[in-house]
Amino acid sequence: MHLKFTEEQEMMRKMVRDFAQAEIAPYVDRMEAGEFPREVLRKMGELGLMGIPIPEKYGGSEMDFMSYIIAINEISKVSATIGVILSVHTSVGTNPIVYFGTETQKQKYVPKLASGEYLGAFCLTEPSAGSDAGSLKSKAVKKGDQYIINGSKVFITNGGEADVYIVFASTNTALGTKGISAFIVDKDTPGLVIGKDEHKMGLHGSRTLQLSFEDMEVPSENLLGEEGEGFKIAMSNLDVGRIGIAAQALGISEAALEASTRYAKERVQFGKPIAAQQGIGFKLADMATAVEGARLLIYRAAHMRQNGQKCGKEASMAKLFASKTAVEVTTDAIQVFGGYGYTEDYPVERYFRDAKITEIYEGTSEIQKLVISKQL
Ligand code: CAA
(Lines give C-alpha, C1' and ligand atoms only; values in the text may rest on other atoms or scores of the structure.)
Protein backbone atom coordinates (compact mmCIF):
# COMPACT_ATOMS: atom_id res chain seq x y z
CA MET A 1 0.00 0.00 0.00
CA HIS A 2 1.44 3.33 -1.07
CA LEU A 3 0.53 6.31 1.08
CA LYS A 4 0.44 8.50 -1.98
CA PHE A 5 -2.57 9.65 -3.88
CA THR A 6 -2.76 9.58 -7.66
CA GLU A 7 -2.95 12.80 -9.63
CA GLU A 8 -6.63 12.07 -10.31
CA GLN A 9 -7.35 11.64 -6.59
CA GLU A 10 -5.53 14.88 -5.73
CA MET A 11 -7.52 16.68 -8.43
CA MET A 12 -10.72 15.33 -6.93
CA ARG A 13 -9.69 16.55 -3.48
CA LYS A 14 -8.94 20.04 -4.77
CA MET A 15 -12.07 20.26 -6.88
CA VAL A 16 -14.32 19.15 -4.01
CA ARG A 17 -12.52 21.35 -1.48
CA ASP A 18 -13.01 24.42 -3.72
CA PHE A 19 -16.63 23.50 -4.41
CA ALA A 20 -17.36 22.99 -0.71
CA GLN A 21 -15.92 26.39 0.17
CA ALA A 22 -17.65 28.21 -2.69
CA GLU A 23 -21.02 26.47 -2.81
CA ILE A 24 -21.63 24.59 0.44
CA ALA A 25 -20.19 26.86 3.14
CA PRO A 26 -22.55 29.76 2.27
CA TYR A 27 -25.49 27.33 2.48
CA VAL A 28 -24.72 25.92 5.96
CA ASP A 29 -26.95 28.35 7.89
CA ARG A 30 -29.92 27.56 5.64
CA MET A 31 -29.40 23.84 6.25
CA GLU A 32 -29.08 24.46 9.98
CA ALA A 33 -32.48 26.14 9.75
CA GLY A 34 -33.83 22.89 8.29
CA GLU A 35 -33.67 23.52 4.53
CA PHE A 36 -32.95 20.47 2.36
CA PRO A 37 -30.01 21.43 0.06
CA ARG A 38 -31.63 20.68 -3.32
CA GLU A 39 -29.75 23.52 -5.01
CA VAL A 40 -26.36 22.26 -3.80
CA LEU A 41 -27.17 18.69 -4.86
CA ARG A 42 -28.11 19.93 -8.33
CA LYS A 43 -24.73 21.63 -8.68
CA MET A 44 -23.01 18.49 -7.38
CA GLY A 45 -24.84 16.52 -10.06
CA GLU A 46 -23.50 18.88 -12.74
CA LEU A 47 -19.95 18.25 -11.50
CA GLY A 48 -20.43 14.47 -11.56
CA LEU A 49 -20.31 14.16 -7.77
CA MET A 50 -23.61 12.26 -7.47
CA GLY A 51 -22.18 9.27 -9.33
CA ILE A 52 -18.44 9.30 -8.62
CA PRO A 53 -17.74 5.53 -8.63
CA ILE A 54 -20.57 4.62 -11.03
CA PRO A 55 -19.49 3.29 -14.47
CA GLU A 56 -19.56 5.80 -17.33
CA LYS A 57 -21.72 3.33 -19.23
CA TYR A 58 -24.49 4.14 -16.73
CA GLY A 59 -23.88 7.88 -16.65
CA GLY A 60 -21.42 7.93 -13.75
CA SER A 61 -18.00 9.54 -13.43
CA GLU A 62 -16.30 6.12 -13.18
CA MET A 63 -13.65 7.35 -10.78
CA ASP A 64 -12.01 5.01 -8.29
CA PHE A 65 -13.45 4.24 -4.86
CA MET A 66 -10.72 6.24 -3.09
CA SER A 67 -11.78 9.36 -5.01
CA TYR A 68 -15.33 8.83 -3.80
CA ILE A 69 -14.13 8.52 -0.19
CA ILE A 70 -11.98 11.65 -0.59
CA ALA A 71 -15.04 13.54 -1.86
CA ILE A 72 -17.23 12.53 1.12
CA ASN A 73 -14.38 13.40 3.47
CA GLU A 74 -13.83 16.88 1.99
CA ILE A 75 -17.54 17.69 1.76
CA SER A 76 -18.13 16.59 5.37
CA LYS A 77 -15.44 18.99 6.60
CA VAL A 78 -17.78 21.76 5.55
CA SER A 79 -21.14 20.01 5.89
CA ALA A 80 -21.75 16.59 7.41
CA THR A 81 -25.34 16.97 6.20
CA ILE A 82 -24.28 16.92 2.56
CA GLY A 83 -21.78 14.16 3.43
CA VAL A 84 -24.50 11.79 4.59
CA ILE A 85 -26.88 12.66 1.76
CA LEU A 86 -24.15 11.83 -0.76
CA SER A 87 -23.00 8.67 1.04
CA VAL A 88 -26.49 7.20 1.37
CA HIS A 89 -27.42 8.20 -2.19
CA THR A 90 -24.35 6.50 -3.65
CA SER A 91 -23.38 3.59 -1.40
CA VAL A 92 -26.76 2.19 -0.50
CA GLY A 93 -29.15 4.10 -2.80
CA THR A 94 -27.47 3.55 -6.18
CA ASN A 95 -24.85 0.80 -5.77
CA PRO A 96 -27.38 -1.99 -5.03
CA ILE A 97 -28.84 -1.44 -8.53
CA VAL A 98 -25.38 -1.27 -10.12
CA TYR A 99 -24.28 -4.54 -8.46
CA PHE A 100 -27.50 -6.55 -8.36
CA GLY A 101 -29.81 -4.99 -10.96
CA THR A 102 -30.78 -6.44 -14.32
CA GLU A 103 -29.56 -4.60 -17.41
CA THR A 104 -33.04 -3.11 -17.82
CA GLN A 105 -33.10 -1.88 -14.22
CA LYS A 106 -29.63 -0.39 -14.58
CA GLN A 107 -30.54 1.41 -17.81
CA LYS A 108 -33.75 2.72 -16.29
CA TYR A 109 -32.48 3.99 -12.93
CA VAL A 110 -28.70 4.34 -12.70
CA PRO A 111 -28.09 7.18 -15.22
CA LYS A 112 -30.69 9.34 -13.47
CA LEU A 113 -29.23 8.54 -10.03
CA ALA A 114 -25.65 9.07 -11.18
CA SER A 115 -26.46 12.47 -12.72
CA GLY A 116 -28.30 13.62 -9.59
CA GLU A 117 -31.61 13.95 -11.43
CA TYR A 118 -32.84 11.26 -9.02
CA LEU A 119 -31.93 10.95 -5.35
CA GLY A 120 -31.66 7.48 -3.77
CA ALA A 121 -32.64 6.12 -0.34
CA PHE A 122 -32.29 2.80 1.49
CA CYS A 123 -35.13 1.34 3.55
CA LEU A 124 -33.95 -1.42 5.86
CA THR A 125 -34.59 -0.23 9.45
CA GLU A 126 -37.99 -0.78 11.05
CA PRO A 127 -39.47 0.24 14.41
CA SER A 128 -38.62 -3.18 15.89
CA ALA A 129 -35.70 -4.11 13.62
CA GLY A 130 -32.74 -1.74 13.98
CA SER A 131 -29.50 -3.50 14.88
CA ASP A 132 -31.30 -6.81 14.33
CA ALA A 133 -32.07 -5.92 10.72
CA GLY A 134 -32.75 -9.57 9.84
CA SER A 135 -35.90 -9.57 12.00
CA LEU A 136 -37.71 -7.05 9.79
CA LYS A 137 -41.49 -7.44 9.56
CA SER A 138 -42.38 -5.83 6.23
CA LYS A 139 -43.93 -8.43 3.95
CA ALA A 140 -44.08 -8.71 0.18
CA VAL A 141 -46.63 -11.04 -1.38
CA LYS A 142 -46.54 -11.85 -5.08
CA LYS A 143 -49.87 -11.29 -6.79
CA GLY A 144 -49.95 -11.59 -10.57
CA ASP A 145 -47.23 -9.44 -12.03
CA GLN A 146 -46.67 -7.38 -8.92
CA TYR A 147 -45.69 -7.61 -5.27
CA ILE A 148 -48.00 -6.19 -2.62
CA ILE A 149 -45.87 -4.81 0.21
CA ASN A 150 -47.06 -3.94 3.71
CA GLY A 151 -45.00 -2.67 6.62
CA SER A 152 -43.21 0.35 7.98
CA LYS A 153 -39.70 1.79 8.07
CA VAL A 154 -38.03 4.35 10.29
CA PHE A 155 -35.01 6.69 10.14
CA ILE A 156 -34.91 6.77 6.36
CA THR A 157 -32.21 9.19 5.27
CA ASN A 158 -33.29 11.18 2.17
CA GLY A 159 -36.85 10.02 2.88
CA GLY A 160 -39.49 12.23 1.31
CA GLU A 161 -36.83 13.79 -0.96
CA ALA A 162 -35.74 10.61 -2.74
CA ASP A 163 -37.02 9.53 -6.14
CA VAL A 164 -35.99 5.90 -5.71
CA TYR A 165 -36.12 3.75 -2.57
CA ILE A 166 -34.35 0.41 -2.14
CA VAL A 167 -36.88 -1.43 0.05
CA PHE A 168 -36.32 -4.65 1.99
CA ALA A 169 -39.27 -6.91 2.82
CA SER A 170 -39.77 -10.59 3.50
CA THR A 171 -41.15 -12.78 0.73
CA ASN A 172 -40.90 -15.87 2.96
CA THR A 173 -40.97 -15.29 6.71
CA ALA A 174 -40.21 -18.96 7.47
CA LEU A 175 -36.74 -18.53 5.98
CA GLY A 176 -35.54 -15.67 8.24
CA THR A 177 -32.79 -13.60 6.63
CA LYS A 178 -32.89 -15.93 3.60
CA GLY A 179 -36.52 -14.92 3.00
CA ILE A 180 -35.73 -11.20 2.70
CA SER A 181 -35.95 -9.65 -0.76
CA ALA A 182 -35.04 -6.24 -2.14
CA PHE A 183 -37.17 -4.02 -4.35
CA ILE A 184 -36.66 -0.82 -6.32
CA VAL A 185 -39.55 1.47 -5.45
CA ASP A 186 -40.37 4.69 -7.31
CA LYS A 187 -41.47 7.60 -5.16
CA ASP A 188 -44.94 7.77 -6.73
CA THR A 189 -45.72 4.06 -6.22
CA PRO A 190 -49.32 3.61 -4.99
CA GLY A 191 -49.30 2.72 -1.28
CA LEU A 192 -45.99 4.40 -0.43
CA VAL A 193 -46.90 6.72 2.43
CA ILE A 194 -44.49 9.39 3.64
CA GLY A 195 -44.63 9.68 7.43
CA LYS A 196 -43.19 11.72 10.27
CA ASP A 197 -40.17 13.91 9.69
CA GLU A 198 -37.75 13.40 12.61
CA HIS A 199 -36.38 16.45 14.42
CA LYS A 200 -32.79 15.49 15.04
CA MET A 201 -30.00 16.69 17.31
CA GLY A 202 -27.78 17.35 14.28
CA LEU A 203 -27.60 17.04 10.49
CA HIS A 204 -30.44 19.52 10.29
CA GLY A 205 -30.48 19.84 6.51
CA SER A 206 -30.78 16.10 5.99
CA ARG A 207 -34.28 14.58 5.99
CA THR A 208 -34.93 11.51 8.14
CA LEU A 209 -38.41 10.10 7.81
CA GLN A 210 -40.76 7.32 8.70
CA LEU A 211 -42.36 5.52 5.76
CA SER A 212 -45.19 3.05 5.56
CA PHE A 213 -46.26 0.67 2.87
CA GLU A 214 -50.01 0.22 2.65
CA ASP A 215 -50.74 -2.44 0.04
CA MET A 216 -47.92 -0.85 -1.92
CA GLU A 217 -47.95 -2.16 -5.48
CA VAL A 218 -44.48 -2.86 -6.84
CA PRO A 219 -44.14 -4.36 -10.33
CA SER A 220 -42.39 -7.78 -10.31
CA GLU A 221 -39.77 -6.39 -12.68
CA ASN A 222 -38.63 -4.17 -9.76
CA LEU A 223 -37.49 -7.13 -7.67
CA LEU A 224 -33.75 -6.48 -7.17
CA GLY A 225 -31.69 -9.66 -7.45
CA GLU A 226 -33.42 -12.95 -6.69
CA GLU A 227 -36.13 -13.53 -4.10
CA GLY A 228 -34.35 -14.20 -0.79
CA GLU A 229 -31.19 -12.33 -1.82
CA GLY A 230 -32.21 -9.11 -0.07
CA PHE A 231 -30.23 -9.51 3.17
CA LYS A 232 -27.04 -10.21 1.26
CA ILE A 233 -27.71 -7.14 -0.90
CA ALA A 234 -28.24 -5.01 2.22
CA MET A 235 -25.18 -6.30 4.07
CA SER A 236 -22.74 -6.20 1.17
CA ASN A 237 -23.68 -2.62 0.31
CA LEU A 238 -23.49 -1.62 3.97
CA ASP A 239 -19.87 -2.86 3.97
CA VAL A 240 -19.16 -0.14 1.42
CA GLY A 241 -21.51 2.38 3.01
CA ARG A 242 -19.70 2.12 6.33
CA ILE A 243 -16.45 3.35 4.75
CA GLY A 244 -18.41 6.36 3.48
CA ILE A 245 -19.81 7.11 6.94
CA ALA A 246 -16.31 6.71 8.39
CA ALA A 247 -15.11 9.32 5.86
CA GLN A 248 -17.95 11.59 6.94
CA ALA A 249 -16.88 11.18 10.59
CA LEU A 250 -13.29 11.94 9.59
CA GLY A 251 -14.38 15.16 7.88
CA ILE A 252 -16.18 16.30 11.04
CA SER A 253 -13.09 15.48 13.17
CA GLU A 254 -10.74 17.30 10.81
CA ALA A 255 -12.94 20.39 10.83
CA ALA A 256 -13.05 20.35 14.65
CA LEU A 257 -9.29 19.86 14.91
CA GLU A 258 -8.55 22.68 12.45
CA ALA A 259 -10.90 25.09 14.23
CA SER A 260 -9.47 24.15 17.66
CA THR A 261 -5.85 24.53 16.58
CA ARG A 262 -6.51 27.92 15.00
CA TYR A 263 -8.39 29.15 18.05
CA ALA A 264 -5.81 27.82 20.53
CA LYS A 265 -3.07 29.77 18.75
CA GLU A 266 -5.08 33.00 18.92
CA ARG A 267 -6.60 32.77 22.37
CA VAL A 268 -4.29 34.19 25.03
CA GLN A 269 -4.67 33.37 28.72
CA PHE A 270 -2.10 33.71 31.49
CA GLY A 271 0.05 35.73 29.10
CA LYS A 272 0.43 33.22 26.26
CA PRO A 273 -1.66 31.42 23.62
CA ILE A 274 -3.53 28.50 25.15
CA ALA A 275 -1.93 26.23 22.48
CA ALA A 276 1.36 26.82 24.32
CA GLN A 277 -0.15 25.66 27.63
CA GLN A 278 0.34 21.94 28.08
CA GLY A 279 -3.27 21.28 29.13
CA ILE A 280 -4.47 22.41 25.69
CA GLY A 281 -1.34 21.48 23.70
CA PHE A 282 -1.56 17.86 24.86
CA LYS A 283 -5.28 17.79 24.10
CA LEU A 284 -4.57 18.96 20.54
CA ALA A 285 -1.84 16.31 20.25
CA ASP A 286 -4.28 13.56 21.27
CA MET A 287 -6.93 14.90 18.88
CA ALA A 288 -4.47 15.03 15.96
CA THR A 289 -3.20 11.50 16.67
CA ALA A 290 -6.70 10.03 16.78
CA VAL A 291 -7.63 11.82 13.53
CA GLU A 292 -4.55 10.41 11.82
CA GLY A 293 -5.41 6.90 13.07
CA ALA A 294 -8.96 7.20 11.71
CA ARG A 295 -7.62 8.47 8.39
CA LEU A 296 -5.28 5.51 7.97
CA LEU A 297 -7.96 2.93 8.82
CA ILE A 298 -10.30 4.55 6.27
CA TYR A 299 -7.68 4.65 3.53
CA ARG A 300 -6.81 1.02 4.20
CA ALA A 301 -10.43 -0.13 3.98
CA ALA A 302 -10.97 1.99 0.86
CA HIS A 303 -7.78 0.65 -0.72
CA MET A 304 -8.93 -2.95 -0.11
CA ARG A 305 -12.37 -2.21 -1.48
CA GLN A 306 -10.86 -0.61 -4.57
CA ASN A 307 -8.77 -3.70 -5.20
CA GLY A 308 -11.78 -5.99 -4.95
CA GLN A 309 -10.70 -7.51 -1.62
CA LYS A 310 -13.23 -8.50 1.05
CA CYS A 311 -13.24 -5.58 3.47
CA GLY A 312 -16.22 -6.01 5.82
CA LYS A 313 -14.03 -6.23 8.91
CA GLU A 314 -11.80 -3.34 7.84
CA ALA A 315 -14.84 -1.19 6.94
CA SER A 316 -16.30 -1.84 10.39
CA MET A 317 -12.97 -1.04 12.06
CA ALA A 318 -12.74 2.22 10.12
CA LYS A 319 -16.30 3.21 11.03
CA LEU A 320 -15.93 2.17 14.67
CA PHE A 321 -12.72 4.14 15.18
CA ALA A 322 -13.58 7.16 13.02
CA SER A 323 -16.98 7.68 14.69
CA LYS A 324 -15.53 7.30 18.20
CA THR A 325 -12.81 9.77 17.21
CA ALA A 326 -15.40 12.22 15.87
CA VAL A 327 -17.34 12.18 19.14
CA GLU A 328 -14.17 12.55 21.26
CA VAL A 329 -12.50 15.18 19.08
CA THR A 330 -15.62 17.36 18.82
CA THR A 331 -16.14 17.11 22.61
CA ASP A 332 -12.53 18.21 23.13
CA ALA A 333 -12.97 20.98 20.56
CA ILE A 334 -15.72 22.53 22.67
CA GLN A 335 -13.43 22.28 25.69
CA VAL A 336 -10.66 24.10 23.82
CA PHE A 337 -13.08 26.89 22.92
CA GLY A 338 -14.41 27.02 26.49
CA GLY A 339 -17.65 28.99 26.92
CA TYR A 340 -17.47 30.25 23.32
CA GLY A 341 -17.56 26.66 22.09
CA TYR A 342 -20.94 26.16 23.70
CA THR A 343 -22.45 29.00 21.69
CA GLU A 344 -23.68 29.05 18.11
CA ASP A 345 -21.15 31.77 17.31
CA TYR A 346 -18.55 29.09 16.58
CA PRO A 347 -19.05 25.94 14.49
CA VAL A 348 -17.77 23.43 17.04
CA GLU A 349 -21.16 22.92 18.70
CA ARG A 350 -22.51 21.89 15.26
CA TYR A 351 -19.62 19.47 14.75
CA PHE A 352 -20.38 17.97 18.17
CA ARG A 353 -24.09 17.53 17.36
CA ASP A 354 -23.34 16.10 13.90
CA ALA A 355 -20.69 13.66 15.19
CA LYS A 356 -22.87 11.58 17.51
CA ILE A 357 -25.00 9.95 14.83
CA THR A 358 -21.92 8.45 13.14
CA GLU A 359 -21.75 6.05 16.11
CA ILE A 360 -25.34 4.99 15.43
CA TYR A 361 -26.38 4.84 11.78
CA GLU A 362 -25.19 2.27 9.20
CA GLY A 363 -24.70 -0.03 12.18
CA THR A 364 -24.07 1.12 15.75
CA SER A 365 -20.57 0.86 17.23
CA GLU A 366 -21.74 -2.27 19.02
CA ILE A 367 -22.73 -3.84 15.68
CA GLN A 368 -19.33 -2.92 14.21
CA LYS A 369 -17.71 -4.75 17.16
CA LEU A 370 -19.96 -7.75 16.46
CA VAL A 371 -18.88 -7.81 12.80
CA ILE A 372 -15.20 -7.43 13.73
CA SER A 373 -15.22 -9.98 16.58
CA LYS A 374 -17.02 -12.58 14.42
CA GLN A 375 -14.11 -12.39 11.98
CA LEU A 376 -11.31 -12.63 14.51
N1 CAA B 1 -21.95 -9.47 2.90
C2 CAA B 1 -22.67 -10.45 2.32
N3 CAA B 1 -23.44 -11.31 3.02
C4 CAA B 1 -23.50 -11.15 4.36
C5 CAA B 1 -22.79 -10.13 5.02
C6 CAA B 1 -21.98 -9.26 4.23
N7 CAA B 1 -21.27 -8.28 4.79
N8 CAA B 1 -23.05 -10.19 6.35
C9 CAA B 1 -23.89 -11.23 6.51
N10 CAA B 1 -24.17 -11.79 5.31
C11 CAA B 1 -24.98 -12.97 5.05
C12 CAA B 1 -24.35 -14.12 5.85
O13 CAA B 1 -23.34 -14.73 5.08
C14 CAA B 1 -25.51 -15.03 6.14
O15 CAA B 1 -25.75 -15.91 5.06
P16 CAA B 1 -25.23 -17.47 5.16
O17 CAA B 1 -25.99 -18.07 6.31
O18 CAA B 1 -25.59 -18.01 3.83
O19 CAA B 1 -23.76 -17.39 5.42
C20 CAA B 1 -26.70 -14.06 6.23
O21 CAA B 1 -26.29 -12.83 5.61
C22 CAA B 1 -27.07 -13.78 7.66
O23 CAA B 1 -25.92 -13.33 8.34
P24 CAA B 1 -25.81 -13.29 9.93
O25 CAA B 1 -26.22 -14.62 10.47
O26 CAA B 1 -24.47 -12.75 10.29
O27 CAA B 1 -26.99 -12.24 10.26
P28 CAA B 1 -27.47 -11.64 11.62
O29 CAA B 1 -28.94 -11.67 11.63
O30 CAA B 1 -26.72 -12.26 12.76
O31 CAA B 1 -27.06 -10.09 11.48
C32 CAA B 1 -25.66 -8.16 11.60
C33 CAA B 1 -25.81 -9.63 11.23
C34 CAA B 1 -24.23 -7.81 11.20
C35 CAA B 1 -25.86 -7.89 13.06
C36 CAA B 1 -26.66 -7.31 10.76
O37 CAA B 1 -27.99 -7.52 11.20
C38 CAA B 1 -26.35 -5.82 10.80
O39 CAA B 1 -25.48 -5.35 10.09
N40 CAA B 1 -27.10 -5.03 11.61
C41 CAA B 1 -26.99 -3.59 11.61
C42 CAA B 1 -27.98 -3.01 10.63
C43 CAA B 1 -27.50 -1.74 10.01
O44 CAA B 1 -26.32 -1.52 9.78
N45 CAA B 1 -28.45 -0.87 9.66
C46 CAA B 1 -28.13 0.33 9.00
C47 CAA B 1 -29.34 0.87 8.36
S48 CAA B 1 -28.97 1.87 6.94
C49 CAA B 1 -28.55 3.38 7.47
O50 CAA B 1 -28.32 3.61 8.63
C51 CAA B 1 -28.41 4.39 6.40
C52 CAA B 1 -28.44 5.79 6.92
O53 CAA B 1 -29.47 6.34 7.18
C54 CAA B 1 -27.18 6.54 7.11
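This passage describes the packing of two helices and the surroundings of the ligand in a predicted model.

Helix H7 spans residues 230–266 and helix H8 spans residues 278–306. The axes of H7 and H8 come within 9 Å and cross at roughly 155 degrees. Because angles over 145 degrees count as roughly antiparallel, H7 is roughly antiparallel to H8. The crossing of the two helices is left-handed.

The contact between H7 and H8 involves residues of both helices. On the H7 side, the participants include Val240, Ile243, Ala246, Ala247, Leu250, Ser253, Glu254 and Leu257, together with Ser260, Thr261 and Ala264. These meet residues of H8, among them Ile280, Leu284, Met287, Ala288, Val291, Ala294, Arg295 and Ile298. Ala301, Ala302 and Arg305 of H8 also belong to the contact. By character, the residues of this contact comprise 16 nonpolar, three polar and three charged.

Helix H7 also takes part in the shell around the ligand, to which it gives six residues, the largest share. Helix H5 (80–100) and helix H11 (365–374), like H7, each supply at least two residues of this shell. Of the 24 residues around the ligand, those that come nearest are Gly134, Thr157, Met235, Tyr361 and Gly363. The shell is made up of twelve nonpolar, eight polar and four charged residues.

With respect to the domains, the ligand shell receives residues from both domain 2 (121–230) and domain 3 (232–374), and the ligand therefore lies between these two domains.

Definitions and conventions
Residues numbered from 1 in each chain as written. Predicted model: local features only at pLDDT ≥ 70, side-chain atom pairs only at ≥ 80, totals over all residues. Axes fitted to C-alpha atoms, helices over the stretch in contact; angles between N-to-C directions. Helix = DSSP H or I, 4+ residues; strand = E, 2+ residues; numbered from the N terminus. Parallel < 35°, antiparallel > 145°, perpendicular 65-115°, else oblique. Left-handed = near helix turned anticlockwise from the far one by under 90°. Contact = placed C-beta atoms within 7 Å. Nonpolar A, V, L, I, M, F, W, Y, C, P; charged D, E, K, R; others polar. Near = placed C-beta within 6 Å. Domains from an automatic or database assignment.
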